[in-house]
Amino acid sequence: MIRTRDSSDMGFARKFWQVNWALVLLITAIASIGFAMLYSAANGNISPWASKQMVVFSAGLVMLLVIAVIDIRFWLRYAYVFYALTLGLLVYVEFFGTEINHAQRWIKIGQQFQLQPSEFMKITLIMVLARYFHRMNIEDIARPHFLIVPLLLIAAPVLLIQRQPDLGTALFLVITGGAMFFLAGVRIWKFVVVLTAGAAALPIAWPFLLDYQKDRILTFLSSDVDPLKEGYHIMQSKIALGSGGLFGRGFMEGTQSHLKFLPERQTDFIFTMLAEEFGLVGGLGLLGLYALLLLYGLSIALRSQNQFGRLLAMGVVVVFFLYAFINIAMVMGLIPVVGLPLPLISFGGTAMITVLAGFGFLICVSVHRHVRVSRHGEGG
Amino acid sequence: MKPDKTREKVFSRRAAILLGGQMTLFAGLGARMYYLQVLQAEHYRTLAEDNRINLRLLAPPRGYILDRFGEPIAINVQNYRVVVIREQAKELPATLARLEEILETGSIDTLRVLRDAERRRAFVPITVAENLSWGEVSRLEVNAPNLPGVQIEVGLSRFYPLGPSVAHVIGYVAAVSEKDLTGRDPLLELPGFRIGKSGIEKRYDTALRGKAGNSQVEVNAVGRVIRELRRKEGEPGREVSLTLDIGLQIVTAERLAQEKSAAAVVMDAHRGDVLAMVSSPGFNPNAFNEGLSGDEWRGLLRDPHAPLINKAIAGLYAPGSTFKIAVALAALEAGIPVGHNTYCRGYMTLGNRRFHCWKKHGHGRMALVDAVRESCDIWFYDVSLKIGIDKIAAMARRLGLGSTYDIDISGAKSGLIPTRDWKRAAIGSSWQKGETVIAAIGQGYVLATPLQLAVMTARLVNGGFAVTPRLTRHRIEADAIAPKPEPEFPLAGILESSRKIVIQAMDQVVNHARGTARRSRLKGPDVAMGGKTGTSQVRRISMAEREGGVRKNAEKPWRERDHALFVGFAPVDAPQYVAAVVVEHGGGGSKVAAPIARDLLEHALQRNSARDGDTKDVAAITAPTARAPKP
């Protein structure tokens, strides 16, 4: 086997040049839109949100580059370890987590920072699944008993997160896992069977949902029922968004956001604010940038020479897509309210770190696209 | 290597499918965005404006009410009130305690304020006390640095500088009650808004009220005002000028205040302008604006002198001998000669009943002029039997009795002029001759208001025109008021010759040596007044009483005393003003009512000569001008 342009032996400096700087630029551009929106959300103040966000982003960018230049085989080798560590954090949260809004999701670090381990699980889950499927033949995958382990890998965090309770993130992980199965080559009919069974199980699952979860689903089904509770947020979001019109009201001119009719304008509903201030043009613009990121991710995945890299790259694409789609669909009243941020834009450290880590892995795949990796993690 | 290739191919295909799905969903988001932001933009823009814009009403200043010379009768004054804003006051109970020390009256309802503050949002001002005195305001200003969150606000409230003397005509304003909330005017729902509840204030309420202005303010999600976007000033209320002469009104009120309960009307005989209309005792209209307590209200209702009733238009009195004017005219019209003689022995017998003259031993031989002058009852008994009740009633109606006029204030009574038909319909029995006799001296069924008596006199002395009284020169047209055209009254249908005779007789009532009101003739050298006295019994004098000697009024309890009446006009040779005075239970008309009428007419004449050109300088309609309120 002739190794041409194998990056396994590249020095860090050479790898550094292999980093997709265009992608980093694109990420920074989107994050900058976020800074601007946070600046507007604070009525033209850099504090409290924009400044903090810039710090987090800078730190995240450094982390992204570090992840990108570390040998992909390292990530492959320790994938189970990372997964176990994150799962451990979830268990920790279960017992010692900080409760915010009746949900135990947070680990407090000092006075300033809180971590949400369920966010990290989004990345470690795709890593561990990529790791698992990496050593599978297409024939192996066709055998049902080979799917037991990855199903357990998904089920463990999902159940823990569901207990917090955080139905949104749990579903997020289920969908992510499903996508990984799909990419790994699991037969289509199996998805059909599982989806059908799932739909049949919904009425059975309903009594096990918590009241606020039921409320959110009911609210979504008829948002005019209780305009002062859950439906109020969606209604106000639609009003703000719709009143933006084609070109928006102008930067920092969004009346609904600035007069506080719009809830959570710096976090979950920041897209509404953007659409109110920059209109359809601004909203579609951001959607376009996101699409560009996704296409970039796809091209990296397709060019990777190893299954781990492909799956990892596409996993990142899926996670990123889910963030963006769920958030935007939620603020437009297309799906129930889920506490999920707009990636790279919403204020919040954990999600930003998670997304940037994801892109770190994506670039890592790109940098190490020519590395041939054996089924067990050693260089081929 | 081969399985790897398959795996890669499967992956590539599925990755492409996945991304295709993602792009499709993104396109769906784009379509939704297009739907919300382009197709539904208008709808959401409206909702957004509804969210953010609050309309606040601006109450326009209420129009002034002026007298015929432009003197203010109802004005607006600044009303200082102290408010507290919870979020600015550090400790609300402590702040209230400090305020209580500063304000003189311990009028702060601390519990009410705390409850209001609890209920309202923290930035909403809560009224702590109203109608602050100037001293209180200045003390508050001095202490302002120690009173965070305390502010002094200025509003306008209605004020009647003349107090009770015009209360019955002007009426009053008071808070809007549930049943007033019928109109579409949003002002009615403004907290603290006052509307006219009686009198001119009620009749011209819409015009006086003006049109609400509004201020569009931007509010945030919790209702805090961020800024004012647009302001549309309202239309101030229009001014209403009355026909009253406030100077004369005050004199009248002061004069009547010497009696327990009385009413008087002074009127321009030709135009019908009411120059003074007073019912005494009055009430303080300002009290209604500030809000009466239940006790005060009950006190007014229970007062035996009925201060809330405008006795000038709603007090029904047997006109007594003043009605003889109508009977005398009716007699002349019916062809009774002026020289028709009757001998008065002091009583007259009809069937088995005896009808007495007020003069126990009789007047002797009487003709019409003598009978009016000396108010001989016997002459009128005799004549009334000759002409009959229906002819008397017809004349009385032509003179304006027995009906109401449109005088801009409500509550006027029509009185009663009986006829044969009326009795059959109302009581169900046929008319008795004795009833005609009693009616001839204005007793029995006959009832009239002081205003009607003034109109009667005016129609007699103004050349026989069917003048009707008026209090304003406005006419209500839809929401606005417009000037009334100068009235042209038709002739009432009284013969010129008979008018002259009765006027001559009324001249003699005052100015003849034997006239009943001789003591009340005008003191001035040039002018004289004419008139007719009246004393109406409140209860029938029983046979026993008459035999034991009719008691003097002074000996009777107040409630049983006779009403004293007088109708008069001046100057006697070119009548300009008429006056009607009723003093309830005042005793004799000549002794009590005539001097009052004399004083009023005298003042009216004096004021006329003092005011150059009379009413020419009265603008019929004063343009609505926002006047600076007088503190």
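**Loops, contacts and cores in a two-chain model**

Reader: Hello! In which loop of chain B is the place of P571(B)?

Author: Glad you asked; keep in mind that this is a predicted model. Residue P571(B) comes after strand β20 (563-570) and before strand β21 (577-583). Its place is therefore the loop between β20 and β21 of chain B.

Reader: What kind of peptide bond joins A570(B) and P571(B), cis or trans?

Author: Most peptide bonds are trans. Between A570(B) and P571(B), however, omega is about -10 degrees. That bond is cis.

Reader: And which residue is joined to P281(B) by a cis peptide bond?

Author: P281(B) lies in the loop between β12 (274-280) and α10 (285-290) of chain B. The cis bond leading to P281(B) has omega near 0 degrees, and it starts from S280(B).

Reader: Is D408(B) buried or exposed?

Author: D408(B) is found in the loop between α16 (389-398) and α17 (420-426) of chain B. It has a positive phi of about 75 degrees although it is not a glycine. A residue counts as buried with 20 or more other C-beta atoms within 10 Å. D408(B) has 24 such atoms, so it is buried.

Reader: How would you class M252(A): buried, exposed or partly exposed?

Author: This residue of chain A sits in the loop between α12 (230-244) and α13 (255-258), and its phi is near 65 degrees, a positive value in a residue other than glycine. Buried needs 20 or more other C-beta atoms within 10 Å, and exposed needs 12 or fewer. M252(A) has 16, so it is partly exposed.

Reader: Which element supplies the largest share of the side of chain A that touches chain B?

Author: In the model, 41 residues of chain A are in contact with 34 residues of chain B. On the chain A side, α9 (167-184), α12, α13, α14 (270-303) and α15 (307-331) each supply at least two residues. The largest share, eleven residues, comes from α14(A).

Reader: How many residues does the largest nonpolar core have?

Author: Those with the most contacts inside this core are A264(B), V265(B), A326(B) and A579(B). The core draws at least three residues from each of domain 1 (48-87 + 156-242) and domain 2 (246-292 + 310-543 + 551-615) of chain B. V265(B) touches several residues farther than four places away in sequence, including V274(B), L451(B) and A580(B). In all, the largest nonpolar core has 133 residues.

Definitions and conventions. Residues are numbered from 1 along each chain as its sequence is written. Chains are lettered from A and ligands numbered from 1 in the order in which they are written. This is a predicted model: local features need pLDDT of at least 70, side-chain atom pairs count only at pLDDT 80 or more; totals for chains, interfaces and linings use all residues. Helices (H or I, at least four residues) and strands (E, at least two) are DSSP runs, numbered from the N terminus. Two residues are in contact if their C-beta atoms, placed from the backbone, lie within 7 Å. A nonpolar core is a set of buried Ala, Val, Leu, Ile, Met, Phe, Trp, Tyr and Cys residues joined through C-beta atoms within 7 Å. Domain bounds come from an automatic or database domain assignment.
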